[in-house]
Amino acid sequence: MTAALLEVSGLSVHLRAREVLSEIDLSFAQGEMTVVIGPNGAGKTTLMRALAGLVAPARGVVRLQGQNVRAMERMARGRALAYLPQNGSIAWPLPVRDVVALGRLPHGASPGSLDDRGREAVAAAIAAVGLRGLEDRPATQLSGGERARALLARALATEAPILIADEPVAALDPRHQLLILDVLRTRARDGLVVAVMHDLALAARFAHRMVLLHGHRVAAAGPPQEVLTAAHLAAAFGIEATVAYREGGLEVAIRRALQL
Amino acid sequence: MATGITSRARWLGPALIGLVVVLAIASLAIGPARLPPWLAAKALVFDEGSASVIVREIRLPRTLLALLIGGTLGLSGAALQGLLRNPLADVTVFGAPQAAALGAVLTLYFGWAGALSLALPAAAILGALLSIALVVWVAGRDAGTVVLVLAGLAIGSLAGAATSLAISLSPNPFAVTEIVFWLLGSLEDRSMVHVALAAPFLIAAMAALLMVRTGLQALSLGEEAAESLGVDVQRVRLMTVGASAVGVGAAVAVAGAIGFIGLVAPHLVRPLVGHDPARALIPAGLAGAALLLAADCAVRLIPSAAEVKIGVLTALLGIPVFLWIIARRRAEIADAPA
């Protein structure tokens with residue numbers, strides 16, 4: 001097994017005196033795209049924030065290449081790990097290029113002062129998400145899907161080996177979902193990607209590994225065929241689903257909601 | 001390429017500096033004794049008899065205060081708007097000038113300080129700090145317009161009422177004049193002592209606000225994304241709130257409550273710098289200085305028995321801008337959760 005680039009051990013997180021994550025142990029290896037699934041309120045977003053070092057754990061630790069992610073120097077952490085929050089917004093009508101260039105802040109550059117390397121990273125990120133030609137458009141005039149892609153490009157432009165993305169394709173149409181998941185999977189080759197998703201069929205298709213969160217704990221973790229079983233889906237989501245292998249891929253068909 | 005914005009941003013700085021210099025010279029020249037601008041500038045440097053006395057002792061303090069106070073108010077407005085991701089954020093909207101005035105009035109009321117001691121700006125700064133910190137705290141992370149305006153209105157009204165109460169209970173027969181000074185703001189009859197009292201605070205506030213530039217830029221994406229980009233959001237918040245309070249407190253201590261400069265100045269420059277909250281800071285400061293200098297020249301030119309108070313003029317200019325911004329954000333305000 002490859003050495004873990006990102007490791008979670010005994011992690012519990014409390015928010016407003018309520019336990020949101022309990023005793024989480026996970027490890028994420030180089031080259032893998034991990035998709036985190038789970039019903040609403042299972043703690044997916046909190047897990048993403050904890051991986052990014054943005055919440056203080058009640059117990060346990062998240063280690064990035066052996067270092068406690070909360071104890072890392074901020075800029076160094078920003079260069080090692082990019083975080084894409086859920087429902088990200090852009091406050092001002094900044095041109096798309098400047099939004100993406102904000103990804104260079106951990107490198108000590110800002111939209112007004114990019115070096116050649118920064119400019120290349122920004123251009124590559126804009127091209128990767130398919131926003132070429134919209135560089136000068138004010139971000140507030142983008143459609144929901146375009147805005148989500150601009151924010152993903154911002155995360156890509158940091159060139160951090162680790163990308164933590166909370167629902168990166170939720171706002172996208174099917175074609176862009178496929179294109180962006182391809183980008184993420186390619187990105188995982190040189191580092192790792194952890195993404196939250198709700199679309200189980202898409203998750204099955206793109207994930208190397210999956211994590212199912214249920215009741216603030218890890219209910220299952222491993223390759224998609226081990227996590228996406230009818231029994232797991234019934235217990236965690238309260239749905240009846242059939243899971244089958246077809247043409248080398250896993251196909252998930254959701255039949256109905258179970259009466260709980 | 002964003003050449004349009006870049007080239008505009010390139011001439012914006014020098015153009016604003018030029019405007020500030022022209023207005024500063026105008027401010028030295030305009031007054032009951034009209035001096036030609038060239039003579040006013042010359043009298044500042046060389047001894048030109050009575051012209052030098054007028055320029056150096058009467059008009060220079062006023063010009064310097066307008067420059068420093070306008071600059072600080074413009075900068076703090078731009079920084080607070082960046083911090084709260086809301087174009088309506090400004091010390092005036094937060095009730096900070098009224099709270100600072102209350103601090104200053106209480107110091108005088110209880111006889112803790114004369115009008116020219118350091119206790120006065122200290123109390124004004126404390127008042128401003130309380131009001132800004134309270135509004136930022138009440139407004140929370142992503143400050144909705146409704147909450148911002150309501151919290152500011154409540155604090156400003158409370159501070160205004162308390163100031164009026166303190167002054168009306170005061171045995172001082174000149175109380176009414178003081179109400180007018182503290183609540184309406186004026187640069188009339190200021191001396192170099194006032195400049196010396198306020199300048200260190202105003203300059204420190206401006207320097208501190210310029211130090212949070214990168215943080216404000218990152219905050220365009222929200223607090224979590226900013227934090228993940230290596231920004232210490234808590235530090236940016238403390239510095240912006242603290243420096244704005246120091247700035248407005250010192251300004252009120254020597255000039256009373258002058259409002260709306262911090263709301264209007266960033267709006268004038270933001271489209272010219274691509275709406276970048278960091279690149280808007282210095283132009284907003286320069287625009288604030290130009291606005292206050294222009295307003296201070298205008299109050300001396302408006303024909304009236306007594307000089308029109310500068311705070312009244314800035315409010316008359318600022319409130320329509322305030323309403324215009326609210327009208328433009330009507331949709332967002334209507335959708336805001338109750």
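Which side chains does a polar contact of 2.7 Å join? The side chains are those of T92(B) and D90(B), and they appear in the first of the close-up views below. The model is predicted.

**Figure 1. Surroundings of T92(B) in a loop of chain B.** T92(B) sits in the loop between α3 (50-84) and α4 (96-109) of chain B. The relative accessible area of T92(B) is 13%, under the 20% limit, so the residue counts as buried. Its side chain is joined to that of D90(B) by a polar contact of 2.7 Å. A polar atom of the T92(B) side chain also lies 2.8 Å from the backbone nitrogen of F260(B). Not counting residues up to four places away in sequence, T92(B) touches P97(B), Q98(B), G259(B) and F260(B). F260(B) therefore appears both as a contact of T92(B) and through its backbone nitrogen, within the 3.5 Å that a polar contact allows.

**Figure 2. G311(B) in helix α14 of chain B.** Helix α14 covers residues 310-328 of chain B and contains G311(B). With a relative accessible area of 8%, G311(B) is buried. Leaving aside neighbours within four places in sequence, the contacts of G311(B) are L184(B), G185(B), A257(B) and I258(B). G311(B) and L65(B) are separated by 246 residues in sequence, while their C-alpha atoms are 14 Å apart in space.

**Figure 3. Overview of the interface between chain A and chain B.** Contacts connect 30 residues of chain A with 27 residues of chain B. The two chains bury about 2,300 Å² between them, and 60% of this area is on carbon and sulfur atoms. On the side of chain A, R74(A), W92(A) and L105(A) lose the most area to chain B, together 30% of what that side buries. Between chain A and chain B there are seven residue pairs in polar contact, both residues being at pLDDT 80 or more. The elements of chain A that each supply at least two residues of the side touching chain B are α2 (74-80), β6 (81-84), α3 (96-101) and α5 (144-157). Among these, α2(A) gives the most, with four residues.

**Figure 4. Salt bridges between chain A and chain B.** The count between the two chains is four salt bridges, and the structure holds 19 over all chains. One of the pairs between the chains is R74(A) with E227(B), whose closest N and O atoms are 2.5 Å apart. E224(B) and R49(A) meet through their side chains at 2.4 Å, N to O. This pair crosses between chains, from helix α10 (residues 223-228) of chain B, which holds E224(B), to helix α1 (residues 44-51) of chain A, which holds R49(A). E224(B) is partly exposed, at 22% relative accessibility, whereas R49(A) is buried, at 18%. The side chains of R279(B) and D98(A) form a salt bridge of 2.8 Å, N to O. Here R279(B) lies in the loop between α12 (261-269) and α13 (281-301) of chain B, and D98(A) lies in helix α3 of chain A. R279(B) is partly exposed, with a relative accessible area of 23%, and D98(A) is buried, with 10%.

**Figure 5. A salt bridge within chain A, from E159(A) to R104(A).** The side chains of E159(A) and R104(A) meet at 3.1 Å, N to O. The pair links distant parts of the chain, 55 residues apart: E159(A) is in the loop between α5 and β7 (162-166), and R104(A) is in the loop between α3 and α4 (116-128). E159(A) counts as partly exposed at 33% relative accessibility, and R104(A) as buried at 3%. Elsewhere, salt bridges that share partners join R62(B), D296(B), R300(B) and E307(B) into one network.

**Figure 6. A nonpolar surface patch on chain B.** L134(B), W137(B), V138(B), V146(B), V147(B), L150(B) and L153(B) make a nonpolar patch of about 670 Å². Two elements of chain B give two or more residues to the patch, α5 (119-139) and α6 (145-169). The largest share, four residues, comes from α6(B). W137(B) has its place in helix α5 of chain B. Its relative accessibility is 68%, over the 50% limit, so W137(B) counts as exposed.

Note on methods: Residues are numbered from 1 along each chain as its sequence is written. Chains are lettered from A and ligands numbered from 1 in the order in which they are written. This is a predicted model: local features need pLDDT of at least 70, side-chain atom pairs count only at pLDDT 80 or more; totals for chains, interfaces and linings use all residues. Side-chain values use heavy atoms; hydrogens and water are left out. Patches are made of residues with over 30% relative accessible area and no salt bridge: like charges are joined within 9 Å, nonpolar side chains (Val, Leu, Ile, Met, Phe, Trp, Tyr) within 5 Å. Accessible areas come from the Shrake-Rupley method with a 1.4 Å probe; for residues, only the protein chains shown count as cover. Buried means under 20% relative accessible area, exposed over 50%, partly exposed in between (1.4 Å probe, protein chains only). Contact means heavy atoms within 4.5 Å. Buried area is the accessible area (1.4 Å probe) that two parts lose on being put together, summed over both. A polar contact is a pair of N or O atoms within 3.5 Å; within protein, one must be able to donate a hydrogen and the other to accept it, and residues adjacent in sequence count only if both atoms are side-chain atoms.
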